[in-house]
Amino acid sequence: MTELERKQDRAPVPSAWDYAPAPEARDLVQLRDRYGHFVGGEWLEPRESYTTIDPSSEEALAEVGQASSEEVDLAVSAARDAFENGWSGISPAERAKYLYRIARILQERSREFAVLESLNGGKPIRESRDVDLPLSAAHFFYYAGWADKLEYAFPNRQPRPIGVAGQIVPWNFPLLMLSWKIAPALATGNTVVLKPAETTPLSALLFADVLRQAELPPGVVNILTGDGRTGAALVKHTGVDKIAFTGSTEVGKSIQRELAGTGKHLTLELGGKAANIIFDDAALDQAVEGIVNGIYFNQGHVCCAGSRLLVQESIYEPLIGKLKRRLTTLRVGDPLDKNTDVGAINSRQQLDKIKELVASGEEEGAEIYQPPCRLPEKGYWFAPTVFTNVAQSYRIAQEEIFGPVLSVLTFRTPDEAVEKANNTPYGLSAGVWTEKGSRILAMAQQLRAGVIWANTFNRFDPASPFGGYKESGFGREGGRHGLEPYLEFE
């Protein structure tokens, strides 16, 4: 044995590889102790408040306002005044300048916003940094480009703004959903009263400072925080001309009943139970990455998550084997750690819902798999989960779990895959994995879903419309289609 071989033989071999902690700097965000409501370009001291927390540690972050019906009235009045006395009358090119400014400021302050999204929402910083912030800025850039081109977007029609838009956004993508709604509303000449989700209000409150930097005229965008009572007051307010809601199907149905016969414009983007369909000719390793991205991205807190996996029987065993091995590599933990793949569940209420549905799956006979996973002691956590031997009738195959839980079913033929995929009250999204382009097109024609991805999942672009069928809502956000819900035509 040579000297070199003897040295190599004595070299220690690590028993396991792991990642050293790589936390993002939390001090990028300077939080106030207390926030009011942003109305008419000014901060309004709230009459009532509550505490918003970090779901990964249950640590209090700030006191925020609980808007009353009187405060909703003040915000709607400010939006109406701004609409009638300036914003709807300025040139579209001038409106575009404000949107471009907002987009650039979001880019400049992207690290600050990314940290805040992860602090208040629990999602991994990699996702906030690489997905939420770039897409938020991109939506403002995109709709800034449309602001002075509406006559080309809708030829032979005369578009005009609706008026005051009441917008209610969910807690899973606080800043991104805000951007999806505010950008087209402003581009088309409307003013806005926005209500962020009760558990994740801080991104919207920081966005108010972006509006100040961009010198947006007072009252064009107003931000009220609060729970469902605030949202209900906004929906019922007679001074609101349009409601745009993203959230649960149950609340969406309630809003639709409330607005029936009022003449208010309404768009709803609601729940989903998307089928991710894997054919036997798919590239399995690529498909596994798509499955993981489809259901474990943002802890499964995604309305279009691929929560039902439909696998062709001939590849079932090798695919599930690869998927389980891949799950063992997912890192669950601190959302501000750049190595984290799965962060914290957004709230205690959501964690309880996930646990209840997972327990029902076990009781009904599905087989559960969770990789070895050490969860933090504080905060709200749930390990990535896969259910096999799932029947169509099981609750976990029918109800939206909105967590990191995947239900696996099998199929033999494309027709059976279509039938199982469409056997749901929802119709928001779907995925198809196959090397045959003709099969992709054939499946897309038959699947009742608003968005269908081919050999990928959870890919978004500002120019592409997004929305659903059936109990997943109606109306579209994104693309040229996203302008129409904020316009009336003469």
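**Figure 1. Strand β15 and its partners in the sheet of a predicted model.** In this predicted model, strand β15 is mostly covered, with 6 of its 7 residues counted as buried. On one hand, β15 is joined to β12 by 5 bridges, the two strands running parallel, and within this pairing Leu-309 stands opposite Val-408 of β15. On the other hand, β15 pairs with β14 over 3 bridges, again in the parallel sense, and here the residue that stands opposite Leu-406 of β15 is Val-386.

**Figure 2. The open sheet of 7 strands, with its order and its edges.** Read across the sheet, the strands follow the order β13-β14-β15-β12-β11-β16-β17, and their pairing is mixed. The edges are taken by β13 (367-369) and β17 (451-454), each of which has a single partner strand, so that one side of each is left without a neighbour in the sheet. Averaged over the sheet and with direction ignored, neighbouring strands are turned by 20° against each other. At the β13 edge, 3 bridges join this strand to β14 (residues 385-388), and the two run antiparallel; one detail of that pairing is that Tyr-369 has Val-386 of β14 as its bridge partner. Val-386 also stands opposite Leu-406 in β15. In a regular strand, side chains alternate between the two faces of the sheet.

**Figure 3. Helices α11 and α12 lying across strands of the sheet.** Helix α11, which spans residues 284-296, lies across β11 (275-278), β12 (308-312), β14, β15 (405-411) and β16 (429-433), and its direction makes an angle of about 135° with that of β15. Helix α12, which spans residues 316-327, lies across β11, β12, β13, β14 and β15, and runs at about 140° to β12.

**Figure 4. The salt bridge between Arg-326 and Glu-289.** The closest N and O atoms of this pair are 2.7 Å apart. Since Arg-326 belongs to helix α12 and Glu-289 to helix α11, the pair ties together parts that are 37 residues apart in sequence. Both ends count as partly exposed, Arg-326 at 24% relative accessibility and Glu-289 at 38%. Elsewhere in the chain, Arg-109, Glu-112, Asp-209 and Arg-212 are joined into one network by salt bridges that share partners.

**Figure 5. Surroundings of Asn-276 in strand β11.** Asn-276 is buried, its relative accessible area being 0%. Its side chain makes a polar contact with the side chain of Trp-433, at 2.8 Å. When neighbours within four places in sequence are left aside, the residues in contact with Asn-276 are Gly-290, Ile-291, Arg-308, Leu-309, Leu-310, Gly-431, Trp-433 and Phe-457. One of these contacts, Leu-309, is the residue that stands opposite Val-408 in β15.

**Figure 6. Two further salt bridges, Asp-132 with Lys-123 and Asp-148 with Lys-149.** Side chains of opposite charge can pair when their charged atoms come close. In the pair formed by Asp-132 and Lys-123, the closest N and O atoms are 2.6 Å apart, and both residues are buried. In the pair formed by Asp-148 and Lys-149, the corresponding distance is 2.9 Å, while Asp-148 counts as partly exposed at 33% relative accessibility and Lys-149 likewise counts as partly exposed at 34%. A search of the whole structure finds 30 salt bridges.

**Figure 7. Ala-144 in helix α5.** Helix α5 covers residues 125-146, and Ala-144 within this helix is buried, with a relative accessible area of 1%. Apart from neighbours within four places in sequence, Ala-144 is in contact with Ala-96, Leu-99 and Tyr-100. From Ala-144 to Thr-410 the separation is 266 residues in sequence and 45 Å in space, taken from C-alpha to C-alpha.

**Figure 8. The protein chain as the setting for the close-up views.** The secondary structure of the chain comes to 16 helices and 19 strands. Its radius of gyration is 24 Å, close to the 23 Å that the globule rule gives for 490 residues, so the chain is as compact as a globular protein of that length. Taken along the principal axes, the C-alpha atoms fill a box of roughly 85 × 55 × 45 Å. Of the 490 residues, 57% count as buried, and among the contacts with a separation of 6 or more, 75% are accounted for by residues 24 or more positions apart.

How values were computed: Residues are numbered from 1 along each chain as its sequence is written. This is a predicted model: local features need pLDDT of at least 70, side-chain atom pairs count only at pLDDT 80 or more; totals for chains, interfaces and linings use all residues. Side-chain values use heavy atoms; hydrogens and water are left out. Two strands pair if DSSP finds at least two bridges between them. Helices (H or I, at least four residues) and strands (E, at least two) are DSSP runs, numbered from the N terminus. Axes are lines fitted to C-alpha atoms, for helices over the stretch in contact, and angles run from 0 to 180 degrees between N-to-C directions. Contact means heavy atoms within 4.5 Å. Buried means under 20% relative accessible area, exposed over 50%, partly exposed in between (1.4 Å probe, protein chains only). A salt bridge is a side-chain nitrogen of Lys or Arg within 4 Å of a carboxyl oxygen of Asp or Glu. A polar contact is a pair of N or O atoms within 3.5 Å; within protein, one must be able to donate a hydrogen and the other to accept it, and residues adjacent in sequence count only if both atoms are side-chain atoms. The radius of gyration is taken over C-alpha atoms; the globule rule is 2.2 Å times the number of residues to the power 0.38.
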